[in-house]
Amino acid sequence: MSGSLSRPHVLVMSEITVDGKLTLKRGASSKILMKYMDPKTEILLHRTRAEYDAIMVGSTTIKIDNSMLTVRLVEGDNPIRVIPNSRADLPPDANVLKGDAPTVIAVTKAAPPENVRRIAEKGVDVVVAGERHVDYPLLMHILRTEYDVERLMVEGGPTLNYYMLKNNLVDEVRLIHLPFIVGGADTPSLVGGMHIDSEDEMFRLVLKNHYTCGSNLVTEYDVLNHRSDV
Ligand SMILES: NC(=O)c1ccc[n+]([C@@H]2O[C@H](COP(=O)([O-])OP(=O)(O)OC[C@H]3O[C@@H](n4cnc5c(N)ncnc54)[C@H](OP(=O)(O)O)[C@@H]3O)[C@@H](O)[C@H]2O)c1
C-alpha cells in the first residue's frame, strides 16, 4: 500500500531497561519489569492511554502478557484496543477479547475462517488488512477513516515496533527508563526485526523533553526522518 494513505498520529511508548531491553528474557512477560515502575509512572502510562483514541499491541505480547490495555488508574475512557493478528489465532480467553473495551482485531485474507469466526463471536470487530501479513499502512488508514482514530499509542513489543517504524508510521517515541540492566543477547529490546547495513538506514530522532516521574526518567522524542528503503 502507498505510504501516503491517511493515518493517525502515532506514539510508541515503552518501559525500557538501561540496556534497552523490554523484558527479562525472550518469552518472559514484561509485567515482571512493570512491577518496578514508580506508581507515578504507572499513572502517567494510564493517563496517556486515556488521552489516545486507540492503543495497539502485538499479538505475541497478548499471548505472553495477556495484557488488558484498559485505563484503570485514572479517570477516562478506554481507548480502542487494536491487535494485529494475521491468522486470528489469539487465545479465546485473552483479556482483550473480554468485551470490556472496544476492540479491533486486524487479520489477513490468509486467516482460517474458523479462527475468524471464533474471534468475531467474542463481540470484537474483525478487520481484514493484508494478504498474508498485516498491512500496517492499510490498517492505519482503516483506523483513521472507519474508526475516527486521530491518535494511536503503540505499546510494543519489539517486532510490532519494527514494522511500524519500517513503514514510516511512527511520529513520536516516549520511553520510561527503568534503572535495571538485564543483559542477554537475544533478550527483546525496543525494536526487533532486521539489522541495518549502513548509517543511512538509521531512524533519526530528536529529544524534545525529559523529566523524572517519581523515581523514573522519562524521555520524549520526535521521529525526525524516515527510512527510504520501504
Ligand atoms: N517493556 C515493554 O514496554 C513491553 C511492551 C510490550 C511487549 N513487551 C514484551 O515484548 C515481548 C513480545 O514481543 P515480540 O517482538 O515477540 O512480539 P510483538 O511485537 O508483541 O508481536 C509481534 C507482532 O508483529 C506481527 N508480525 C510478525 N511478523 C510480521 C510480518 N512479517 N509482517 C507484519 N507483521 C508481523 C505479529 O502479527 P501476527 O499475529 O500476524 O504474527 C504480531 O502482531 C514480550 O516478552 C513482551 O512482554 C514489552
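The expected span of a helix is 1.5 Å times one less than its number of residues. I begin there because helix 2, residues 39–51, can be tested against this rule: its 13 residues should span 18 Å, and its end C-alpha atoms are 18 Å apart, which agrees. Please bear in mind that this is a predicted model.

Let me stay with helix 2. Buried in this helix are T41, E42, L44, L45, T48 and R49. Viewed down the helix axis, the buried residues fall within an arc of 155°, so they line one face of helix 2. Which elements cover them? The cover includes strand 1, strand 2, strand 6, strand 7 (172–178), strand 8 (205–213) and strand 9 (216–223).

I turn now to the nonpolar core. The largest one has 44 residues, and A54, V82, A106, L152, V154 and M164 have the most contacts inside it. Two or more residues each come from strands 1, 2 (54–56), 3 (80–84), 4 (103–107) and 6 (151–154), and from helices 5 (136–146) and 6. Helix 5 gives the largest share, five residues. As for V154, leaving aside residues up to four places away in sequence, its contacts are V10, L11, V12, M56, L160, N161 and M164.

Finally, the ligand. There are 28 residues around it, of which G58, T60, S86, G156 and G157 come nearest. By class, the shell holds ten nonpolar, 15 polar and three charged residues. Strand 1 (9–17), helix 3 (59–65) and helix 6 (158–166) each supply at least two residues of this shell. Helix 3 gives the most, with five residues.

Key:
Residues numbered from 1 in each chain as written. Predicted model: local features only at pLDDT ≥ 70, side-chain atom pairs only at ≥ 80, totals over all residues. Near = placed C-beta within 6 Å. Helix = DSSP H or I, 4+ residues; strand = E, 2+ residues; numbered from the N terminus. Nonpolar A, V, L, I, M, F, W, Y, C, P; charged D, E, K, R; others polar. Core = buried A, V, L, I, M, F, W, Y, C linked by C-beta atoms within 7 Å. Buried ≥ 20, exposed ≤ 12 C-beta atoms within 10 Å, placed from the backbone. Contact = placed C-beta atoms within 7 Å. Arc of directions from axis to C-beta.
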